[in-house]
Amino acid sequence: MAFTAFSGNTKAVEQHPRRQGWVVLLLLAPGIAYMLLFFVAPFIQLALTALQAPAASGGIGQYVAALEFGNYWTALSEYWPHLVRSFIYALTATIIGLLISYPLAYLIGVKVRSKPMLQGILLILVVAPFFISMLLRTLAWKSILPSELIGTHFSVIFGLVYNFIPFMVLPMFASLQALDLRLLEAGSDLYASPVTTFRRVTLPLSMPGIVSGTLLSFIPMSGDYVVASREFLGGTSTAMIGNVIESNFLQTQNYPMAAALSIMLMVIILIMIATYVRKSGAEDLL
Amino acid sequence: MKKFSLGKAFVPVVGAIGLIYLLLPIAHVILFSFNEKRGRNNIIWNGFTLANWQNPCGAPQVCTAFGNSIMVGLVSTVIATVLGTMIAIALVRYRFKFRSTISLLLFTPMATPEVVLGAGLAAQFLLAGVEKGLGTVILAHVMFCISYVVVAVKARVASLNPAIEEAGRDLYASPGQVFWRITLPMLMPGIIGAALLSFALSFDDFIITNFNSGTATTFPKFIYVSALKGVPAQANVLASIVLIGALLLVIIVQSVNISRQKKLATR
């Protein structure tokens, strides 16, 4: 699984799997029951809510079970700009994030590997943002950036890139840390230029980290509604799909609309991930 | 004289810029915890004061929200760590039907945007007629923390050498003794790491919390709600305390690890 790269690299030891029905059941039952109850069932409920119709009483937030597939059409025709914008923001931010994170991960994982002390300090600096509320850090940018920039596409993408850099650096660091430096030496011994060595050796070997790093940031970015909201780095023209889902669910209580948008977001993301994983040749990493 | 190489300088320079980009807002948050109060906002620098640090609970609701976040984080972490560790052991050590389905079930929450997880749970609670509050926040946090715990602990279980447990069994230890005296202690570093990750994720979660908290406040929700009229400097103080505490913890754990490794090396 690509995401395992996130937890660092621990060498797997040959295990001898056993069959012991009741022990497995005992170990799995509580956790799996929990996931069925609080992950699978809510998903089904979301899909059903997306098909609800307004109740005859007509009160706010009053809906009854129905098969109103038209909700999807209404959601799409009303909010397609937000959907498109979310994915453009998330894709742009992922690419910029990759360009900033990879050199940082390379610095920590390869360049300073011979100095464990420095490497430790740099790693701590990269994870430090995890310990300060993401909302406070985003607000800090609001007061650091010039006020003319706030509420623009630039400030939203800037904020998205910022918030997800550690999520990119860590998996990339994990795979670069595992890179055998002798391979790079071999490359230069065989008269490959540094660029060729990078392209033919380093890059392919760090692919697992790149795939999980970009996924770990692209997915949450596309559903984010903090950065783009008006109280933070967004403005009237920057609302993302997450902002729309939030306001439909929590403010106007249009549950079917919020649910239909959520399902669409999820389906589009799954299609994009599947394509990306296949294109990057990383199927076996998942 | 050695020629200046653009290629050589590129990585350190871009890396340093990346680090400054990462750390600038943190410096800002800490700096503004010393900002003198004038009006409600904490956006413009008014002057240096220690007043906020002397009275971190001075702003209404800020410590209630902070306490709620710690409580939610602790309870969710304990539940998620226990359930996740059990699943991780089962997934690595045993072969059984639906094993890959179960792996997929645990992986999917990490590949789902939080807004979808939040809306789904909120829809579920709405249908079930459950009133939203800190309880529903905990139920939600345990759900997404389990996945991360499973991933982190699985890596540790996979690196355990089963021969050590076999040796225990050969010495007539009961299955319970093998588990409590060999397996669990050897898994501990992984479990502690998973628990810390889980606490950090829960403590900082806003999106799922916002959908499922009703009128209850957590620290991130407090910041979101007060963002419009100005976040009090006390929020910066509490956030800085968390950062300092976490960094100290990381440094202590690291130096214990290093000294332990040194000891092993000199043996």
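This short presentation describes chain B of a predicted model, with some remarks on chain A.

Good morning, colleagues. I shall begin with the overall make-up of chain B. Its secondary structure amounts to 11 helices and zero strands. In sequence order, the pattern is therefore one helix after another, α-α-α-α-α-α-α-α-α-α-α, with helices taken as DSSP runs of at least four residues.

How does the radius of gyration of chain B stand against that of a compact globule? For 267 residues, such a globule would come near 18 Å, whereas chain B has 23 Å. Along the principal axes, the C-alpha atoms occupy a box of roughly 75 × 70 × 40 Å. Of the 267 residues, 51% count as buried. If we take contacts in chain B between residues at least 6 apart in sequence, 70% of them join residues at least 24 apart.

Turning to the surface, chain B exposes about 13,100 Å², and carbon and sulfur atoms supply 69% of that area. As for charge, there are 21 positive and 8 negative side chains in chain B. The centres of these two sets are 9 Å apart.

Next, the annotations. An unreviewed UniProt entry gives "domain: ABC transmembrane type-1" for residues 66–253 of chain B. That span is 81% helix and 0% strand, and its end C-alpha atoms lie 25 Å apart. UniProt, again in an unreviewed entry, also assigns "transmembrane region" to several segments of chain B, including 9–31 and 178–203. Residues 9–31 of chain B are 100% helix, with 31 Å between the end C-alpha atoms. Residues 178–203 of chain B are likewise 100% helix, and there the end C-alpha atoms are 34 Å apart.

Chain A carries the "transmembrane region" annotation as well, from an unreviewed UniProt entry, and the listed segments include 21–44 and 201–219. In chain A, residues 21–44 are 100% helix and have end C-alpha atoms 29 Å apart. For residues 201–219 of chain A, the helix content is 95% and the end C-alpha distance is 28 Å.

I should now like to consider three individual residues of chain B.

The first topic is B:Ile26, in helix H1, which spans residues 6–31. Is B:Ile26 buried or exposed? Its relative accessibility is 6%, under the 20% cut-off, so B:Ile26 counts as buried. Leaving out residues up to four places away in sequence, B:Ile26 touches A:Ala128, A:Pro129, A:Ile132, A:Arg137, A:Tyr162 and B:Leu243. B:Val75 is 49 residues from B:Ile26 along the chain, and their C-alpha atoms are separated by 28 Å.

We move on to B:Thr77, which belongs to helix H3, residues 62–93. B:Thr77 has a relative accessible area of 9% and is therefore buried. Which residues does B:Thr77 contact, neighbours within four places in sequence aside? They are B:Ala195, B:Ser198 and B:Phe199. By contrast, B:Ala9 lies 43 Å from B:Thr77, C-alpha to C-alpha, at a sequence separation of 68 residues.

Finally, B:Thr218 is located in the loop that runs between helix H9 (207–212) and helix H10 (219–226). This loop residue is buried too, because the relative accessible area of B:Thr218 is 4%. Apart from neighbours within four places in sequence, the contacts of B:Thr218 are B:Ala65, B:Ser69, B:Leu134 and B:Thr209.

Thank you for your attention.

Conventions
Residues numbered from 1 in each chain as written. Chains lettered and ligands numbered in written order. Predicted model: local features only at pLDDT ≥ 70, side-chain atom pairs only at ≥ 80, totals over all residues. Heavy atoms only, no water. UniProt positions renumbered as here; feature names shortened; annotations may be inferred. Helix = DSSP H or I, 4+ residues; strand = E, 2+ residues; numbered from the N terminus. Rg over C-alpha atoms; globule rule 2.2 N^0.38 Å. Buried < 20%, exposed > 50% of the residue type's maximum accessible area, 1.4 Å probe, protein only. Contact = heavy atoms within 4.5 Å. Areas by Shrake-Rupley, 256 points an atom, 1.4 Å probe, with all protein chains shown as cover. Lys, Arg positive; Asp, Glu negative; His and termini not counted. Charge placed at Lys NZ, Arg CZ, Asp CG, Glu CD.
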